[in-house]
Amino acid sequence: MAETQLLSIGAFGRRSRLSPKALRLYESVGLLVPQEVDNSNGYRRYGEWQLETARLIVQLRRLEMPLAVIAQVVAAEGDEAAALVEAYWDDVERRTALLRGHAAHIRIRLSGDEGAIDMFGEVQVREVPEYTVLAQQRHILQPELVDWMGPTIGRLWDNVDKHGGPDGPLFVIFHGEVSDDSDGPVEVCLPVAAPDADAGDIPLRKEPAHQEAFVRLTKSQVDHPQILSAYEAVEKWIAANGAQGAGAPREVYFTDFMAAGPNDECVDVAFPIR
């Protein structure tokens, strides 16, 4: 390369808006390596053509992107690099939505539960028909709940076609408190269209018809512990409207939870009432 195409670390830093400290950090992790290093005095020189990469790094750092992810973007090209940035930002928005829910839950608790109903919108009431359900129940603590529910739901879906297919949304009943110290039990239920006691290896049971009060949640609001505010909101509504609880609370998964985005409605927190 011609000498005129190389820049000292000071000149390169000024044009790229990166400090010498930042440039040394990026060199140490292999993200932006000088074109030349003088072995006698340690002077570093960067190629002018490296300014584009340096300026991209500056922009990505403004997104608070970790250096490991920036390295992937810099190494990629065109659509692949753009897809990496999009994936990173989708994750940021997901985590932000979760944190927003956490903050709202904490605020409600610190203010004496005021605002719990307003946080989730209107509490609604509906009639639920009698279902025959495939059911799996277990005593389980909250930290283990998600890891147990995934495979359990998979087993229910593996058996549903033996009973004529699904006949309603999957729901999870909390027969007792689930926390770090209390283990429920929890029951996962999937309604079936043509129950056959001799088909499959998962027991069937009747879920009686009932009326229930519920609030609708987005995916980001389902995360623990802010989902507890939804339970409190429905309980407060029941007490304020002269109704009575008539069964264990449940979460009703009326759409594909895994495919939902952070702000998509996908779960109802519901209490049977009379």
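A salt bridge is a side-chain nitrogen of Lys or Arg within 4 Å of a carboxyl oxygen of Asp or Glu. In this structure, which is a predicted model, the side chains of Arg205 and Glu207 meet that description, with nitrogen and oxygen 2.9 Å apart. Arg205 is partly exposed, with a relative accessible area of 25%, whereas Glu207 counts as buried at 8% relative accessibility.

**Salt bridges**

A search of the whole structure finds 11 salt bridges, and the table sets out three of them with the accessibility of each partner.

| Pair | N to O distance | First partner | Second partner |
|---|---|---|---|
| Arg205 and Glu207 | 2.9 Å | Arg205, 25%, partly exposed | Glu207, 8%, buried |
| Glu48 and Arg15 | 3.0 Å | Glu48, 33%, partly exposed | Arg15, 36%, partly exposed |
| Arg126 and Glu212 | 2.9 Å | Arg126, 21%, partly exposed | Glu212, 3%, buried |

Glu48 forms a salt bridge with Arg15, and the closest N and O atoms are 3.0 Å apart. This pair links distant parts of the chain, since Glu48 sits in the loop between strand 3 and helix 3 while Arg15 belongs to helix 1, 33 residues apart.

The side chains of Arg126 and Glu212 also meet in a salt bridge, at 2.9 Å from N to O. Arg126 lies in strand 4 (residues 124-128) and Glu212 in strand 9 (residues 210-218), so this salt bridge ties together parts that are 86 residues apart in sequence. Arg126 counts as partly exposed at 21% relative accessibility, while Glu212, at 3%, counts as buried. Salt bridges that share partners join Arg126, Glu212, Arg216 and Asp268 into one network.

**Cysteines**

How many disulfides does the structure hold? It holds zero, and the positions of the sulfur atoms show the reason. A disulfide requires a pair of cysteine sulfur atoms within 2.5 Å, but the sulfur of Cys189 is 19 Å from the closest cysteine sulfur, which belongs to Cys266, and this is too far for a bond. Seen from the other residue, the closest cysteine sulfur to that of Cys266 is in Cys189, again at 19 Å. Cys189 is buried, with a relative accessible area of 0%, and Cys266 likewise counts as buried at 0% relative accessibility.

**Helix 2**

Helix 2 covers residues 20-28, and within it Ala22, Leu23 and Tyr26 are buried. These residues cover an arc of only 100° around the axis, which puts them on the same side of helix 2. On the other side of the helix, Lys21 and Ser28 are exposed. What covers the buried residues of helix 2 includes helix 1 (9-16), strand 3 (44-47), helix 3 (51-62) and helix 4 (67-75). Just after helix 2 comes Gly30, which takes a positive phi of about 75°.

**Helix 8**

Helix 8 (residues 227-240) has 14 residues, and from its first C-alpha to its last it reaches 20 Å, close to the 20 Å expected at 1.5 Å a residue. Which residues of helix 8 are buried? They are Ile227, Ser229, Ala230, Tyr231, Glu232, Ala233, Val234, Trp237 and Ile238. Following helix 8 is Gly242, whose phi is positive and near 70°.

Key:
Residues are numbered from 1 along each chain as its sequence is written. This is a predicted model: local features need pLDDT of at least 70, side-chain atom pairs count only at pLDDT 80 or more; totals for chains, interfaces and linings use all residues. Side-chain values use heavy atoms; hydrogens and water are left out. Buried means under 20% relative accessible area, exposed over 50%, partly exposed in between (1.4 Å probe, protein chains only). Helices (H or I, at least four residues) and strands (E, at least two) are DSSP runs, numbered from the N terminus. The arc is that of the directions from the helix axis to the C-beta atoms. Contact means heavy atoms within 4.5 Å. The expected span of a helix is 1.5 Å times one less than its number of residues.
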